[in-house]
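Here's a quick tour of the strands, one residue picked out from them, and the surroundings of the ligand. Have the viewer open as you read.

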Amino acid sequence: MVVIKNLVKEYNTGHGKVTALKGINLRVREGEIFGIIGPSGAGKSTLIRTINLLEKPTSGEIYINGVRLTSLKGKTLRKKRQKIGMIFQHFNLLNSRTVRGNISFPLEIAGVPAVEREERVERLMELVGLGDRADHYPSQLSGGQKQRVGIARALANNPDLLLSDEATSSLDPESTESILNLLSRIREEMNLTIILITHEMEVIKQICDRVAVIEGGKIIEEGKVIDVFASPQAPLTRRFIKSVINFDLSPRVLEHLDVIDKKEGKIIRLSFVGEKTHKPLISSLVRKYKIDANILYGNVDDIKGVPFGTLVLKLEGDITQIDRAIKFLRQQGLKVEVLTDDRPDRAVGQVQ
Ligand SMILES: Nc1ncnc2c1ncn2[C@@H]1O[C@H](COP(=O)(O)OP(=O)(O)OP(=O)(O)O)[C@@H](O)[C@H]1O
């Protein structure tokens, strides 16, 4: 649906040139919610603003439904851009207009006749749950309600694509949750494609299908959200995931690590995704290899309905049997990290 090829964006500042995007390549599929996460200054805003050409790329191409946006000009470009909605962190509402007036605004610009306009505005207010706030001004609304107006306004011209620029960053956790639920619902109901940027992994975890991690103007990691959570590759990705899933070893586990005799046992961390969480793997491990397995830590999380778990086990017995047991677990598709092997960073070590 959206294809970004070798996108480069340079800004000329008083202090020289800043390259905000250094050759971005991305493909976003129709109907998916695609998240782009990165730290401050990584290039997220620049990237999302170049997708609808609010920011002109220095080089590279952007295709939307096969149309090369970067080669369009004037009226054709304006028409195409009407099919791309955008929502913002600070809502960008017109304070002198009511809820109804704000939502109506893009329809007025597009030249939609008054009767059709009014009908569409009513429908949009219902869709975002603001039917009873039609005549309120932005100053009379909460942050979450303001963002609902922003969403309704962005949907006014029936876009195929919705761009979200940190849309929940100024909201409290409760409003964030309700806005994310609303975005999920309108994606289903309107078959929208959504690209969102955020610096919060929780947002990615809650609603995105796929995620790209951006750092220093480059995409450093990309994949299905569940895969990236289960097996993050880049240190930055692991740091982001740590903010929602605790990878640190508890003091109890660290104590065991300090005292275990490596000739008689190993401590391992298992990560498992999906239906593997239901299999009685540990008991079959104990029976099959005649070793002891002591659970030191366990946690099961949920990523968009898919269970995702971590288990720290102390395996004791014949060391050859323990190695065979670890091989068996890996053959079952589990990610196994041997914590008793000498590693520079055990706390956030990469899962093998
Ligand atoms: N209009 C501009 N003029 C000059 N430099 C800019 C401009 N906009 C962004 N930059 C620079 O480009 C780089 C990327 O900025 P951008 O705002 O895209 O990052 P970001 O990931 O969205 O950060 P944040 O989360 O803090 O908003 C930064 O070094 C920034 O200083």
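Two strands count as paired if DSSP finds at least two bridges between them. Keep in mind that this is a predicted model. With that rule in hand, look at β4 and β5: Ile64 stands opposite Val67 in β5. Two bridges join β4 to β5 (residues 67-68), and the pair runs antiparallel. Together β4 and β5 make a hairpin with two residues between them, and Asn65 in that turn has a positive phi of about 50 degrees.

β4 has another partner as well. Five bridges link β4 (residues 59-64) to β1 (residues 2-13), again antiparallel. One of the matched pairs here is Val8 with Ser59 in β4.

Elsewhere, β6 goes with β7 (residues 161-165) through five bridges, and these two run parallel. Phe88 has Asp165 in β7 as its bridge partner. Here are the three strand pairs side by side:

| Strand pair | Bridges | Direction | Example partners |
|---|---|---|---|
| β1 and β4 | five | antiparallel | Val8 and Ser59 |
| β4 and β5 | two | antiparallel | Ile64 and Val67 |
| β6 and β7 | five | parallel | Phe88 and Asp165 |

Now for the sheet that holds β6 and β7. Six strands make up this open sheet, in the order β6-β7-β8-β3-β9-β10, with mixed pairing. At its edges sit β6 (84-88) and β10 (218-224), each of which pairs on one side only. Ignoring direction, neighbouring strands of this sheet are turned by 15 degrees against each other on average.

Back to β4, where Glu61 is found. Is Glu61 buried, exposed or partly exposed? A residue needs 20 or more other C-beta atoms within 10 Å to be buried, and 12 or fewer to be exposed. Glu61 has 14, so Glu61 is partly exposed. Leaving out residues up to four places away in sequence, Glu61 touches Lys5, Arg68 and Thr70. As for Thr19, 42 residues apart from Glu61 along the chain, the two C-alpha atoms are separated by 17 Å.

Last stop, the ligand. How many residues surround the ligand? There are 13, and the closest are Tyr11, Ala20, Ser40, Ser45 and Thr46. The elements giving two or more residues to this shell are β1, β2 (16-28) and α1 (44-51). The largest share, three residues, comes from α1. By type, the shell divides into four nonpolar residues, eight polar and one charged.

Technical notes:
Residues are numbered from 1 along each chain as its sequence is written. This is a predicted model: local features need pLDDT of at least 70, side-chain atom pairs count only at pLDDT 80 or more; totals for chains, interfaces and linings use all residues. Helices (H or I, at least four residues) and strands (E, at least two) are DSSP runs, numbered from the N terminus. Axes are lines fitted to C-alpha atoms, for helices over the stretch in contact, and angles run from 0 to 180 degrees between N-to-C directions. Two residues are in contact if their C-beta atoms, placed from the backbone, lie within 7 Å. A residue is near a molecule or strand if its C-beta atom, placed from the backbone, lies within 6 Å of it. Ala, Val, Leu, Ile, Met, Phe, Trp, Tyr, Cys and Pro count as nonpolar, Asp, Glu, Lys and Arg as charged, and the others, Gly among them, as polar.
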